[in-house]
Amino acid sequence: MEENMKFATVEDTVEYHLFLIPDEPRDPEEHREILQKYIEKIMTQFAPMLVPYIWQNQPFNLKYKPGKGGVPAHIFGMTKFGDNIEDEWFIVYIVKQITKEFPELVARIEDNDSEFLLIEAADFLPKWLDPDNSANRVFFHHGELCIIPAPKKPGAVSWLPTTIQTISQALNIISTHPEKILASESIRAAVNRRIRGYPEKIKASLHQAHCFLPAGIVAVLKQHPRLVAAGVQAFYLRDPIDLRACRMFKTFLPETRIMTSVTFTKCLYAQLVQQRFVPDLRSGYKLPPPSHPQYRAHELGMKLAHGFEILCSKCSPHFSDTKKSLVTTSPLWAGFLESLKKNDYFKGLIKGSAQYQERLEMAKNYFQLSINRPESSHAMSPGEEILTLLQTIPFDIEEFKKEEANLPPEDDDQWLDLSPDQLDQLLQEAAGKKEPEPISKGQEENYDLTQVSKSMKAFISKVSTHKGAELPRERSETPVTFDADSFLNYFDKILGSRPHDSDSDDLDEEDSECLDSDDDLHLETQEPGEEASVKGTLDDLKSYMAQMDQELAHTSIGKSFTTQKQMEPLSQTASNNSEEEDCGAGGSVMTPVDVDLNLVSNILESYSSQAGLAGPASNLLQSMGVQLPDSADP
């Protein structure tokens, strides 16, 4: 009866903080009043975007938070976005715009992964920045992402401490040196790419579908469309105890069902569609055959009805009326409503009309949740809100049935069934990469395999540490130069020829990059005995490596490599066979291995064995910007 039941989910949460740039000392109560006015201004100004938005779990909200420790009093918000990651990035867009509209505010934002903005721009971060030193450095200011830099050496910059201990310290740096903390263009571009398209993108994230629903749910969704999220979540996260309430429906009877149009987010729609569920025979919810043209509408309605019934079943039938809060009695409501009118929220609708009342109810709901929000211990649950609406709003089933004939068309849900190519394209767009153009037949025939070996050599020449190897970011990037002097010094330490040297190998990469050109002249001032010692060490190492090559040359490992001589014309190879054998036996001549050919052939062999699927060879080549043509050789 029950398949694919999900019992729990991780509560992904995003927190956002808005700080007022310090300009003069203020009394705490005065500071609180100023921040409260900012909350009203922000929520009013962004209401046209926020009011109709359907949130997965919790809406965007702001409240005053008193100062504590090194964190001054500020505006704070927290949203549980659950499975819909777009809610989090919409909040990033809102916070970014707030700092643009109110330049005296500085914002920071983080989630369960801490500095997720840095994670998004990980490919472009400076090498000194890591999770250990990123605290109190990342902010939005004037609508731009800012990263407070770190000095290369302690005390090198008077206004820049090595570590930023408190938010107050960071705010002082931002207020005094705003032009020196702007993040690099590539980092800002990575974040801006993720929020590109808002606010127009909100409409693209919605999906309209026909649902065969009980009239009570239709009436509730007409007043508060956002409650569809609570209904979907209740069904999606149901457990066997929840389903007991759905054996016999008490609130949403199946006999009252009518066809209606429901607006989901794509995430909510996918959650509802993708789960298989067969209703209890006692519930009265019967589905037509799958071949029926309205089977999908009946199935969606059945699932959504179960979610709403579960929500209402968790409420006491006589829940306290003290939880009901009249929005219009709040002293803030009149000013909020007036601001909405100035921002053309009602779009010229006639006061008292059905559409005007619908938008007014949405505004009241938004005001209650985001501005006049009560303490969580007294807040109404979605089920209590639904039961309250059913008691207070009159609705006529016959009127709803008349609307069935004029329903808007459904949106196409082909996006649920992406082909592998479409999925690859989406992933490329999400990563900010242009999709590579397909290789033509002529290009396949003339494909230059040296590109593979060149890219691999560029990869090998990159810096490698215990944290991993760096991939070439741009093909035109200048390759890392090889410091022969440092290389020799490292070998001296390993082989013990210079035990008196200092521990210069403890220097990190940043320190070495800051060295002047004069620091590279240490070999010129070496004593003659030291130079001879280094030269002797290298000669011994070369001799040792040559002996190893000769020993391996006639083993199965040595014969597995293609040598340069094997690539000569066949006639030359045949005439020189005896000479090669003699030389191999005597150990006097070694035929060089063709490194490029072996490299390319091994990569191609690995690529071919993947049979068109993902694998190490294709992943490595793709990360280096190399696209191989499809293999036509069986």
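In which helix do Lys 364 and Glu 361 both lie, and how many residues apart are they? The legends below, drawn from a predicted model, begin with this pair.

**View 1. A salt bridge within helix α14 joins Lys 364 and Glu 361.** Both residues belong to α14, which spans residues 354-370, and they are three residues apart, about one turn of the helix. In an α-helix there are 3.6 residues a turn, so residues three or four places apart point the same way. The side chains meet with an N to O distance of 3.9 Å. Lys 364 is partly exposed, its relative accessible area being 22%; Glu 361 also counts as partly exposed, at 22% relative accessibility.

**View 2. Lys 314 and Asp 242 form a salt bridge, their closest N and O atoms lying 3.7 Å apart.** This pair links distant parts of the chain, 72 residues apart. Lys 314 is found in the loop between α12 (295-313) and α13, whereas Asp 242 is in helix α10 (residues 240-244). Lys 314 counts as exposed because its relative accessibility is 59%, above the cut-off of 50%. Asp 242, by contrast, counts as buried, at 10% relative accessibility.

**View 3. Glu 115 and Arg 108 are paired in a salt bridge.** The closest N and O atoms of the two residues are 3.0 Å apart. Both Glu 115 and Arg 108 are buried.

**View 4. A network of salt bridges links Arg 296, Glu 299, Lys 303 and Asp 413.** For the whole structure, a search finds 14 salt bridges.

**View 5. Helix α13 (residues 333-342) has a buried side.** Trp 333, Phe 336, Leu 337 and Leu 340 are the buried residues shown here. They cover an arc of only 95° around the axis, and they therefore lie on the same side of α13. On the face turned away from this buried side are the exposed residues Ala 334 and Lys 342. Just after α13, Asp 344 adopts a positive phi of about 55°.

**View 6. Acidic residues gather in a patch of negative charge on the surface.** The patch consists of Glu 24, Asp 27, Glu 29, Glu 30 and Glu 33. Glu 30 is placed in helix α1, which covers residues 28-45. With a relative accessible area of 38%, Glu 30 is partly exposed.

Definitions and conventions: Residues numbered from 1 in each chain as written. Predicted model: local features only at pLDDT ≥ 70, side-chain atom pairs only at ≥ 80, totals over all residues. Heavy atoms only, no water. Buried < 20%, exposed > 50% of the residue type's maximum accessible area, 1.4 Å probe, protein only. Helix = DSSP H or I, 4+ residues; strand = E, 2+ residues; numbered from the N terminus. Arc of directions from axis to C-beta. Patch = residues over 30% accessible without salt bridge, like charges linked within 9 Å, V, L, I, M, F, W, Y side chains within 5 Å. Areas by Shrake-Rupley, 256 points an atom, 1.4 Å probe, with all protein chains shown as cover. Salt bridge = Lys/Arg side-chain N within 4 Å of Asp/Glu carboxyl O. Lys, Arg positive; Asp, Glu negative; His and termini not counted. Charge placed at Lys NZ, Arg CZ, Asp CG, Glu CD.
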